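The exercises below concern the structure shown next. Please attempt each task before reading its solution.

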Amino acid sequence: MSANSLPVRKASPSGEDAAAVWHNLEVNKALDLLDSNADSGLTSQEVEVRSQKYGLNELEEHGGRSNWEILLDQFKNIMLLMLIGVALISGFLDFLAWQGGTLKPGEVPFKDTVAIMAIVILNGILGYVQETRAEQALAALKKLASPLVRVLRNGKLLEVAAKELVPGDVMLLEAGVQIAADGRLIEQSNLQVRESALTGEAEAVNKQATIVLPEETDLGDRINLVFQGTEVVQGRAKVLVAHTGMKTELGKIAAMLQSVESEPTPLQQRMTQLGNVLVTGSLILVAIVVVGGVIQARGFGNIQELLEVSLSMAVAVVPEGLPAVITVTLALGTQRMVRQHALIRKLPAVETLGSVTTICSDKTGTLTQNKMVVQSVYTNNKSFRVIGEGYNPTGDFLSNEQKVAVDEYPEISALVVACAICNDSVLQKEQGEWAILGDPTEGALLTLAGKAGIEKDQWSSKLPRVAEFPFSSERKRMSVIAQVEAVASGTSPIADVDPVIAGFLQSENYLMFTKGSPELTLARCTQIHLGDRSVPLTEAQRSQILAENDIMASKGLRVLGFAYKPLSEIPPAGSEETSEDDLVWLGLVGMLDAPRPEVRAAVQECREAGIRPVMITGDHQLTARAIATDLGIAEKDARVLTGQELQRMSDQELEEQVDLVSVYARVSPEHKLRIVQALQRRGRFVAMTGDGVNDAPALKQADIGIAMGITGTDVSKEASDMVLLDDNFATIVAATKEGRVVYTNIRRFIKYILGSNIGEVLTIAAAPLIGLGGVPLTPLQILWMNLVTDGLPALALAVEPPEPDVMKRPPFSPRESIFARGLGAYLIRLGIVFAIISIALMAWAYNHTHAAGYQGDRDAWKTMVFTTLCIAQMGHAIAIRSNNQLTIEMNPFSNLFVLGAVVVTTILQLMLVYVPPLREFFGTHWLSLEELGVCIGFSALLFVWVELEKLFFRFMGKRTV
Ligand code: ATP
């Protein structure tokens, strides 16, 4: 059968495609049809051929807004609508003047209209490009964290990117996996899949490999198939990939897929509100100026001039460059964060990260290295120390510091057989190094077994797995049921079976091995395995084992307990509560998972930054406390709240404790949710890490949900705002710092841009009121200022490096208004000072150009106002780089972009005055050196003001905004 053939489809009246019959096939038939092998998978050559034929396993995403809709949305912004209105009115006025022949000599009609419309269109296109690019960038970032799939190829277990799957691949599924392709189950154990992505049904579906279903079975009832995009809630399975990419069920309904969401960030929402405030404010101001002007002139004689003023004010109030600067800042923030290994999945996280007050972190892998090494074994009342290198399965067992011969201690062999059999990991050599595929806890157990001469592969054939009760963070244990080959096949009497197995068996055909949290496992034991036999477990032995567990845990070791049970038959699925009872205790294994070296400093940094780190772990309380103390998360005698205690507490009681407790142990995922909620009720802004499938609700509830990039399940990643590519706690702290920097810089350029707008509006409004003839600035000049002379330095301010104390102050509330902490007052103060300076200059310049004997152009005063407004902003840009440090105290080269922007903008501004075609186009006038000098002198006053403000606040002992 050719590799590419699909099952022959029986004629189907509905005209469905061939996929419809996979559920109607026996497993072997399906394997034959796809020319695959359940034990070895495809060969590399086959994979190559099939990837050519079927292409990448990717979905073309549709849905969401169309490009046209995105473009149209840009013009729904109230500020742009006002600009369009201004353009139309201005065009109408020009039309009247043109018709009436009242155009000034050399004046080009409709110039302002065209310029404003050009800016409106440019703004729209810019917004469109940025929005679509932001979506693409987020989509690309998400792909970075795209899941790996475990497959069998060439008889080996590999991890490949989901997009590399081809039909015929044999993939392995376990709890937490988001299924990457459609397939036919080959075998499964307790497999439960949530198919809501496909069927809308929230309840998980129990799957079965052996069943063959009638052809007409509905999609939701095809329990022998699994589908792309659905999630494994429990259990494990081996699956034959039948369809990939757009051929999957999900691919077929791809139009229903949500496109990557681009949510407005809180800041973007605040900007919309700001737009409304600005537009309303400016319309009110325009009304005042017009009514005031009419009353002053006792008639409509100067209505033309008043209209011009109004139009200029309307243009001046809109910060045309602001949306672009904000988008660029957030995009740069995500880029910087990804360089630090923090991948942002939801844009608001960039700015809100800086507000985090509490970081709730898992222990294993986030605070610790997740490189487990077994150090102690306790069995049959004896302790052994284990030595060796990493995952290398060679090393020694020591008793009283003396090397022991493992053969002389059957209890060690019995324990390590349990380690090897009750285990889902693979220990293999990769490029000469021993490495683990799977859970490092289990990897360490395989290494331990190897040191005692027990190899998983060899023992798996003596004791093949026939069933299992999988691990979950709630149960904190797992069991594997194995068949004893020799007994089952009847080839060998019990006495001939391996002595270790014979010791376990007590003449039964099956053995169940259980491992898990020592207290819980021991509580389910009634007997104990001593050497080569089992005897009833006494209370004294129980206490002794628990005491030994405490000794290991308080050294920071992660301790697992082991037990077994002979069975006469395979226990039915779902019977774990009753089957995992009456166990025979085997022993304890303690492994070291050293703290990550960089975490201590990160914890310290958190404390200085007013952020409280909290450890939430499934591990034992003493292990948790030992590691928390070592890392500086808690004091030596700090209270550790256990899951059991938490369970007994009411929400109210928990709320009273959450601010006091920094270590939670033996918790289950549902406790995490309660902890986040309690913290949030106390007004905390919580970042929470999670990796398991059941952590998703807590991640969603947290203000910043953080998933693990390496060990995290697909489901947890899907629920998160941010993914840690290196699983490292220190990365959360680094990202928090970036968040603070982004937010500070956003506030910084808002101060910069809006201060200038207020100054401009007041100056324009003042001109007719103080009796100067005409408007000092044309709409075109205002657009130039708002876009170029404000825009470029604002962009440069967006990349301002962090101030030295960024992590030495408490976090700011994420709910604070953008104008909080004095920013609003600063804007008003600065706007007024800016206006006073410009109005004083305007008055001086007007008198100067209207003085008797003045040689130049009498309208040059307008250009002096224009130039002063621009150059003053350059000084403002330089001064505003720091809120507290004086400019002379700062390194002028630490943000070269600001220096560059100031130089380039000043040159451009001078070109507008001194290059004739530009002068003509922008309607400026030539200035003498003296006039330019006066402009620069007045401009410098704004810089001086901002510096004086800093000094004043320093003197008053207050931080400025
Ligand atoms: P954290 O929540 O900080 O990552 P954790 O890894 O210890 O801590 P879980 O993975 O939920 O949390 O494990 C909880 C407990 O379950 C462990 O302390 C251990 O006793 C037990 N356990 C962990 N892994 C296994 C496993 N593979 N098989 C059996 N029991 C396990």
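**Exercise 1.** Determine which residue of β3 stands opposite Val151, and which residue of β7 stands opposite Met171.

*Solution.* Step 1: Val151 stands opposite Met171 in β3. Helices (H or I, at least four residues) and strands (E, at least two) are DSSP runs, numbered from the N terminus. The model is a predicted one, in which local features need pLDDT of at least 70 and side-chain atom pairs count only at pLDDT 80 or more, while totals for chains, interfaces and linings use all residues. Residues are numbered from 1 along each chain as its sequence is written, and side-chain values use heavy atoms, with hydrogens and water left out.

Step 2: β1 (residues 148-153) and β3 (residues 170-174) run antiparallel and are joined by three bridges; two strands pair if DSSP finds at least two bridges between them.

Step 3: Met171 stands opposite Val239 in β7. Between β3 and β7 (residues 231-243), which run antiparallel, there are five bridges.

**Exercise 2.** Describe the surroundings of the ligand: which residues come nearest, and which strand gives the most to the shell?

*Solution.* Step 1: There are 20 residues around the ligand, and Lys363, Ser473, Arg558, Thr617 and Arg666 come nearest. A residue is near a molecule if one of its heavy atoms lies within 4 Å of it.

Step 2: Consider polar contacts with the ligand, that is, pairs of N or O atoms within 3.5 Å. A polar side-chain atom of Ser473 is 2.9 Å from a ligand oxygen atom. For Thr617, an N or O atom of the side chain lies 3.0 Å from an oxygen atom of the ligand, and for Arg666 the corresponding distance is 2.9 Å. The ligand taken alone exposes 600 Å², of which the protein buries 92%; these areas come from the Shrake-Rupley method with a 1.4 Å probe.

Step 3: β21 (558-567) and β18 (510-516) each supply at least two residues of the shell. The most comes from β21, with three residues.

Step 4: Domain 4 (355-367 + 597-727) and domain 5 (379-590) each contribute at least three residues to the shell. The domain bounds come from an automatic or database domain assignment.

**Exercise 3.** State how many residues of helix α28 are buried.

*Solution.* Step 1: Buried means under 20% relative accessible area (1.4 Å probe, protein chains only).

Step 2: In α28 (residues 779-789), 10 of the 11 residues are buried, among them Trp784 and Met785.

Step 3: In the whole protein chain, buried residues make up 55% of the 961 residues.

How values were computed. A polar contact is a pair of N or O atoms within 3.5 Å; within protein, one must be able to donate a hydrogen and the other to accept it, and residues adjacent in sequence count only if both atoms are side-chain atoms. Buried means under 20% relative accessible area, exposed over 50%, partly exposed in between (1.4 Å probe, protein chains only).
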